[in-house]
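Here are some exercises to work through at your own pace. Try each task first, then follow the solution step by step.

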Amino acid sequence: MLSLPESLLLFSLHDERGTVHSAAFLGLDEALYAAVLGELMLRGTVRIRSDGALKVPPDAPDSESLIEQLAYKALSEASPDTVDAALEALRSGLGSLRSRLLTAVAAKGIVRSAEIDRENLEDSQVHPTADAGPEAQMVAHVREGIAAGPAVSRRIGLLIGLVHALNLWDKLLPKEERAAARSVGAWVHERDAVCKAAAVSIAKADGSWEG
């Protein structure tokens, strides 16, 4: 199964064009940092309470993922005690997270890299889909999670919450499924500290924050 940040990145890309969907354009990076934090929580690398309090255990994760290793290093050095502080540490410690994730999913053969020419602009790299299977599998898991409602698993619930924060339902699901998706996404947001913090960070990034 794909990790949370890998799934969220693929959901955010146009399959054929390989560019970031307009709904996620400004907030994607913030959502990816939150997805990394959520992945670390699911793996037991960090502990997060519902009120946003956070603890980083002293033992490094047994993970082959370079991103997870770097994320743990950033958190252990910063010693954050809240989700907000942890996200700030990940922003500082992970650098270009989006580029790292694109490299990871390209290495798995899920996307490919291509160059496009844009009039009056420098060449730009895009990442169209090469193998739609892994993303389709995660979309199926999301659909199952939506159908489960409050019984949704923690992992898929987090993914639904982050998709909801990025407002990607129009890209991901047909019109008749979106109302139920938004309902479950809102339910997750009310209960999950990572998704709550992600929503604020995304809103600040895309200019919709009214706090």
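**Exercise 1. Two helices that cross**

At what angle do helix α7 and helix α9 pack, and how far apart are their axes?

*Solution.* Start with the ground rules. This is a predicted model, in which local features need pLDDT of at least 70 and side-chain atom pairs count only at pLDDT 80 or more, while totals for chains, interfaces and linings use all residues. Residues are numbered from 1 along each chain as its sequence is written, and side-chain values use heavy atoms, leaving out hydrogens and water.

Step 1: find the helices. Helix α7 covers residues 154-166 and helix α9 covers residues 175-191. Helices (H or I, at least four residues) and strands (E, at least two) are DSSP runs, numbered from the N terminus.

Step 2: read off the geometry. The angle is about 105°, and the axes are 8 Å apart. Axes are lines fitted to C-alpha atoms, for helices over the stretch in contact, and angles run from 0 to 180 degrees between N-to-C directions.

Step 3: name the arrangement. Angles under 35 degrees count as roughly parallel, over 145 as roughly antiparallel, 65 to 115 as roughly perpendicular and the rest as oblique. Therefore α7 and α9 are roughly perpendicular to each other.

Step 4: list the partners, where contact means heavy atoms within 4.5 Å. From α7 come Gly157, Ile160, Gly161, His164 and Ala165, and they meet Ala181, Arg182, Val184, Gly185, Ala186, Val188 and His189 of α9. Sorted by class, the contact of α7 with α9 has six nonpolar, five polar and one charged residues. In this sorting, Ala, Val, Leu, Ile, Met, Phe, Trp, Tyr, Cys and Pro are nonpolar, Asp, Glu, Lys and Arg are charged, and the others, Gly among them, are polar.

**Exercise 2. A second pair**

Describe how α3 and α5 are arranged.

*Solution.* Step 1: helix α3 (residues 66-78) and helix α5 (residues 97-107) have axes that come within 10 Å and cross at roughly 155°. That crossing makes α3 roughly antiparallel to α5.

Step 2: in this contact, Leu66, Ile67 and Leu70 of α3 meet Leu97, Arg100 and Leu101 of α5. These residues divide into five nonpolar, no polar and one charged.

**Exercise 3. A charged residue under cover**

Is Glu6 buried or exposed, and which residues does Glu6 touch?

*Solution.* Step 1: place the residue. Glu6 lies in helix α1 (residues 4-12).

Step 2: check the accessibility. Buried means under 20% relative accessible area, exposed over 50%, and partly exposed in between (1.4 Å probe, protein chains only). Glu6 has a relative accessible area of 8%, so Glu6 is buried.

Step 3: look for polar contacts, meaning pairs of N or O atoms within 3.5 Å; within protein, one must be able to donate a hydrogen and the other to accept it, and residues adjacent in sequence count only if both atoms are side-chain atoms. The side chains of Glu6 and Lys108 are joined by one of 2.9 Å. The Glu6 side chain also reaches the backbone nitrogen of Ser3, at 3.0 Å.

Step 4: leaving aside residues up to four places away in sequence, Glu6 touches Leu101, Ala104, Val105 and Lys108.

Step 5: widen the view. Nine of the nine residues of α1 are buried, and the cover for them includes α2, α5, α6 (133-148), α7 and α8 (169-172).

**Exercise 4. Into the core**

How many residues has the largest nonpolar core?

*Solution.* Step 1: a nonpolar core is a set of buried Ala, Val, Leu, Ile, Met, Phe, Trp, Tyr and Cys residues joined through side-chain atoms within 4.5 Å. The largest one has 65 residues, and Leu8, Phe11, Leu37, Ile48, Leu75 and Trp169 have the most contacts inside it. Helix α2 (residues 28-42) gives the largest share of this core, ten residues.

Step 2: zoom in on Phe11. Its partners, not counting residues up to four places away in sequence, include Met138, Val142, Leu159 and Leu172.

**Exercise 5. Unusual backbone angles**

What is the phi of Ser79, and what is the phi of Asn167?

*Solution.* Step 1: most residues other than glycine have a negative phi.

Step 2: Ser79 has a positive phi, near 50°. Ser79 sits in the loop between α3 and α4 (83-94) and counts as exposed at 52% relative accessibility.

Step 3: Asn167 has a positive phi too, near 60°. Asn167 is in the loop between α7 and α8 and is partly exposed, with a relative accessible area of 43%.
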